[in-house]
Amino acid sequence: MSRHLRGTDSKESAPSIDRLRELFECRDGGLYRLASAGSRAPAGARAGSLMQNGYENVGVDGQKFLVHRIVWAITHGSWPPMLIDHINSVKTDNRSENLRSASDSQNSAYSKVSKSNRLGMKGVKRVRSGRYVAQMGVGGKVLHLGTFDSAEEAQEAFRKKSVETHGEFSKVA
């Protein structure tokens, strides 16, 4: 996968903001072509293709870029300095008001509960004793928040620490 799709655009290889503004406009949560890019991509058409991971990408001058990064660049006048988070967690909702800059840590804090999580509770696991442990990753380390008699108590401990640590990026469910 190209580094442009992973979100680490280098300034040297990325198109200028002026070039993006020649090619696209942002509206209705999408990116629309101002100029034709061939018979399959006429002017006025929504730009981009849906990838398997749920994000949209689009070709610009022979390179692929994530649509939300282009929307950010056009809206803010510069390429995003970090990752871009979709506030409502809808990967195709690329309205500028739904996008915010996020560090790796913030982006991880705002992630959904893993599908492999048997309890369906972020930061909570059941241990052999039948009790529940609350833990979270902070700064590359696992922070043990306590052992509890119920999953709900453990989840509440996780929720409190998550809000304290991650603020608006905190997501428990």
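**Exercise 1. Two sides of a helix**

Which exposed residues does the face of α5 turned away from its buried side carry? Work from the predicted model.

*Solution.*
- Step 1. Check the helix. α5 covers residues 151-166, and its 16 residues should span 22 Å at 1.5 Å a residue. The end C-alpha atoms lie 21 Å apart, which agrees.
- Step 2. List the buried residues of α5. They are Ala-151, Ala-154, Ala-157, Phe-158, Ser-162 and His-166.
- Step 3. Place them around the axis. They cover an arc of only 130°, which puts them on the same side of α5.
- Step 4. Recall the helix rule. An α-helix has 3.6 residues a turn, so residues three or four places apart point the same way.
- Step 5. Turn to the opposite face. Glu-152, Lys-160 and Glu-164 are the exposed residues there.
- Step 6. Look past the end of the helix. Gly-167 comes just after α5 and takes a positive phi of about 55°.

**Exercise 2. The sheet and the helix across it**

Give the strand order of the open sheet of 3 strands, then find the helix that lies across β4 and β5.

*Solution.*
- Step 1. Read the order. The strands run β3-β4-β5, with antiparallel pairing.
- Step 2. Find the edges. β3 (49-50) and β5 (63-66) each pair on one side only.
- Step 3. Inspect one pairing. β3 and β4 (residues 56-60) are joined antiparallel over 2 bridges. Leu-50 faces Glu-56 in β4.
- Step 4. Add the helix. α3 (residues 67-76) lies across β4 and β5, at about 80° to β5.
- Step 5. Judge its burial. Of the 10 residues of α3, 8 are buried, so α3 is largely enclosed by the rest of the structure. The buried ones are Val-67, His-68, Arg-69, Ile-70, Val-71, Trp-72, Ala-73 and Ile-74.
- Step 6. Note what follows. Just after α3, Gly-77 has a positive phi of about 80°.

**Exercise 3. The nonpolar cores**

Which element gives the largest share of the largest nonpolar core?

*Solution.*
- Step 1. Start from the general tendency. In soluble globular proteins, nonpolar side chains tend to be buried together.
- Step 2. Define the set here. The largest nonpolar core has 19 residues. Those with the most contacts inside this core are Leu-20, Phe-24, Leu-31, Val-58, Val-60, Ile-70 and Trp-79.
- Step 3. Assign elements. α2 (17-23), β4 and α3 each give two or more residues to this core. The largest share, 6 residues, comes from α3.
- Step 4. Follow one member. Leaving aside neighbours within four places in sequence, Phe-24 contacts residues including Leu-31, Leu-34, Ala-47, Val-58, Val-60, Ile-70 and Ile-74.
- Step 5. Look elsewhere. Another core, of 8 residues, lies apart from this one. Among its members are Met-121, Val-124, Ala-154 and Ala-157. Of these, Ala-154 and Ala-157 are also among the buried residues of α5.

**Exercise 4. Two hairpins**

How many residues lie between β8 and β9, and how many between β9 and β10?

*Solution.*
- Step 1. Pair β8 with β9. β8 (residues 124-126) and β9 (residues 132-138) run antiparallel over 3 bridges. Lys-125 stands opposite Val-133 in β9.
- Step 2. Take the first turn. This hairpin has 5 residues between its strands, and Gly-130 in the turn has a positive phi of about 95°.
- Step 3. Pair β9 with β10. The antiparallel strands β9 and β10 (residues 141-148) share 7 bridges. Val-138 has Lys-141 in β10 as its bridge partner.
- Step 4. Take the second turn. Here 2 residues separate β9 from β10, and Gly-139 in the turn has a positive phi of about 60°.

Conventions:
Residues numbered from 1 in each chain as written. Predicted model: local features only at pLDDT ≥ 70, side-chain atom pairs only at ≥ 80, totals over all residues. Heavy atoms only, no water. Pairing = 2+ DSSP bridges. Helix = DSSP H or I, 4+ residues; strand = E, 2+ residues; numbered from the N terminus. Contact = heavy atoms within 4.5 Å. Axes fitted to C-alpha atoms, helices over the stretch in contact; angles between N-to-C directions. Expected span 1.5 Å × (residues − 1). Buried < 20%, exposed > 50% of the residue type's maximum accessible area, 1.4 Å probe, protein only. Arc of directions from axis to C-beta. Core = buried A, V, L, I, M, F, W, Y, C linked by side-chain atoms within 4.5 Å.
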